[in-house]
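Me: I would like to go through this structure slowly, asking at each step how a label is earned. Please set the values against the cut-offs as you answer.

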Amino acid sequence: MMFRNMDYSRLGASTVDPQADEVPGSLPRKSPPQATGGNKNEKNKILTILHWNAECISRKKLALANRLKKEDIDVACIQESHLTPHPKHGSRFTMKGHQTFKQDRQDGPKGGVITLVKNDITASEIKVNAGDRAEVIGTELHFKDKSITTYNCYCPPGKEHALHAMNIGDRCFVVGDFNSHSPSWGYENQDARGEEVQDWQTNMSLLLLNSPEDPRTFYSRSWMPTSTPDLAFATEYIALKTTRQVMDQLGGSDHKPVLLRVEMNTARNATSTLPRWNYKKANWDHFTALTDELALSINARSKNTNRGAKAITEAIIKSAKKAIPRGARKNYRPYWTEGLEELENEINVARKEVEEHPSVVNNVSLKRKTAKLRKETIRTQRQGWQEKQLVIIWKEMVTNYGD
């Protein structure tokens, strides 16, 4: 995984794509140069945006949560969420530490887009009237002295683009799965959808962050070719400050995630992390002994049930403070295990092998490893759910009496 080097000679006046003559009516386009500075993600100095076609987010939520933590992602634009809307309150999706903006497909299965924004960034949704065309959700990121607009798009092959439904301002990103072909982003030929996207890009004065030489983002397990339907565009002000990186596969999706790093001042909201009970490190034998000891002083025959319940709760809280450690870790990754990490690494190796040496044997190997990861993810999620059930009563007890 490497950041691509952008050519500074492409700044200034637009340069004609070498293959543009093959496409009647195509216009000159510009691409951004390489952003200056290091890769260190210092707070308020770099904005990180990930965009990725998940091919069903519920099956890959654990892997996504781990990647968001590991890479310190500020904004995640997810396509093909595959969530089914509820007739009354819609399908719910939450990600710890993030705000959720989403749009589910209304007229059939699959599809859907979700944008996740870190809690320390003030954000608001931008309504996009796309009708029955491509699925688009807009989000406004509010910083101290500026705002940045992000549009998250998914256009399946059977639907029309909704490019002109987006209001492109001075500081704007447009990312997603466009399912369109052009030599400008690595295809041998250009189709009508690709020409439509390029015309829109030129009319909106957007810069393409992809390069034809970039690693491919999509691998088809049915036909075994690689391609790049996942595109990123930006207005010049922020495109010139942005680098693009194709990352390792995530959660077994056929699409690799793409990371954009924007080097600019983005002052955040102040956040505080409250201490939590660390049940995994609790000394339960000590806790049991303490509660038994304190319970002996409680008058169980008291007619005042509220006073008795309060005394019992206070005894439990007092014992817990001595037997259960508390703290807060910003880098804590709940339920992500070493086993899942090893399976992710195995899929990375298998994905690289099948892309470099396409064969039925390598393709079957990738499918088997992906299925194994899916099975282990389900098991880990169930285990996490069971652990949560064990502490529900405890949390209810400390709501009013603990701190």
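Me: Among contacts in the protein chain between residues at least 6 apart in sequence, what share joins residues at least 24 apart?

Reply: In this model, which is predicted, 68% of the contacts between residues at least 6 apart in sequence join residues at least 24 apart. The chain has 403 residues, and buried residues make up 47% of them; its secondary structure consists of 7 helices and 16 strands.

Me: How do you know that Glu188 is exposed, and where is Glu188 placed?

Reply: Exposed is the word for a relative accessible area over 50%, and Glu188 has 70%, so Glu188 is called exposed. Glu188 belongs to the loop between strand S8 and helix H2 (192-203). Its C-alpha atom is separated by 10.0 Å from that of Ser227, although the two residues are 39 apart along the chain.

Me: Why is Asn179 called partly exposed?

Reply: The label covers values between the cut-off for buried, under 20%, and the cut-off for exposed, over 50%. Asn179 has a relative accessible area of 23%, so it falls in between and is called partly exposed. Asn179 also sits in the loop between S8 and H2, and it has a positive phi of about 45° although it is not a glycine.

Me: What makes the positive phi of Asp72 worth pointing out?

Reply: Most residues other than glycine have a negative phi. Asp72 is not a glycine, yet its phi is positive, at about 55°. This residue comes just after helix H1, in the loop between H1 and strand S2. With a relative accessible area of 31%, Asp72 counts as partly exposed, because that value is neither under 20% nor over 50%. Within H1, by contrast, Leu62, Ala63, Leu64, Asn66, Arg67 and Leu68 are buried.

Me: What makes strand S8 (residues 172-177) largely enclosed?

Reply: All 6 of the 6 residues of S8 are buried, so the strand is largely enclosed by the rest of the structure. Cys172, Val174 and Gly176 point one way from S8, while Phe173, Val175 and Asp177 point the other way, and residues of both sets are buried.

Me: How do you know that S8 pairs with strand S7 (residues 147-154) and with strand S12 (residues 230-235)?

Reply: Pairing requires at least two bridges between two strands. S7 and S8 run parallel and are joined by 6 bridges, whereas S8 and S12 run antiparallel and are joined by 5 bridges, so each of these counts satisfies the requirement. Thr150 stands opposite Phe173 in S8, and Gly176 has Leu231 as its bridge partner in S12.

Me: Why is strand S13 (residues 242-246) described as mostly covered?

Reply: The description rests on 5 of its 5 residues being buried. Thr242, Arg244 and Val246 lie on one side of S13, with Thr243 and Gln245 on the other, and both faces are covered. S13 runs antiparallel to strand S14 (residues 258-263), to which 5 bridges join it, and Arg244 stands opposite Leu260 in S14.

Me: What makes a set of residues a nonpolar core, and which residues touch the most other members of the largest one?

Reply: The members must be buried residues of certain kinds, among them Leu, Ile and Trp, joined through side-chain atoms within 4.5 Å. The largest nonpolar core has 28 residues, of which Trp52, Ile57, Leu64, Ile78 and Leu116 touch the most other members. Strand S1 (46-53), H1 (61-71), S2 (75-79), strand S4 (113-118), helix H6 (338-356) and helix H7 (360-401) each supply at least two residues, and H6 gives the most, with 5. Leaving aside its neighbours within four places in sequence, Leu64 is in contact with Trp52, Ile57, Ile78, Met95, Leu116 and Leu250. A second, separate core of 27 residues includes Phe101, Leu141, Ile148 and Ala232.

Me: Why is a space inside the protein called a cavity, and how many of 30 Å³ or more are there?

Reply: A space earns that name because a 1.4 Å probe fits there but cannot get out. The structure holds 5 cavities of 30 Å³ or more, and the largest has about 80 Å³ of space. Its lining residues are Arg59, Lys60, Ala63, Gly251, Thr370, Leu373, Arg374 and Thr377, with the largest share, 4 residues, coming from H7.

Note on methods:
Residues numbered from 1 in each chain as written. Heavy atoms only, no water. Buried < 20%, exposed > 50% of the residue type's maximum accessible area, 1.4 Å probe, protein only. Contact = heavy atoms within 4.5 Å. 1 Å grid on protein atoms, 1.4 Å probe; cavity = no way out; pocket = protein on both sides within 12 Å on 5 of 7 lines; lining within 4 Å. Points joined across faces, edges and corners; volume = space filled by probe spheres on them.
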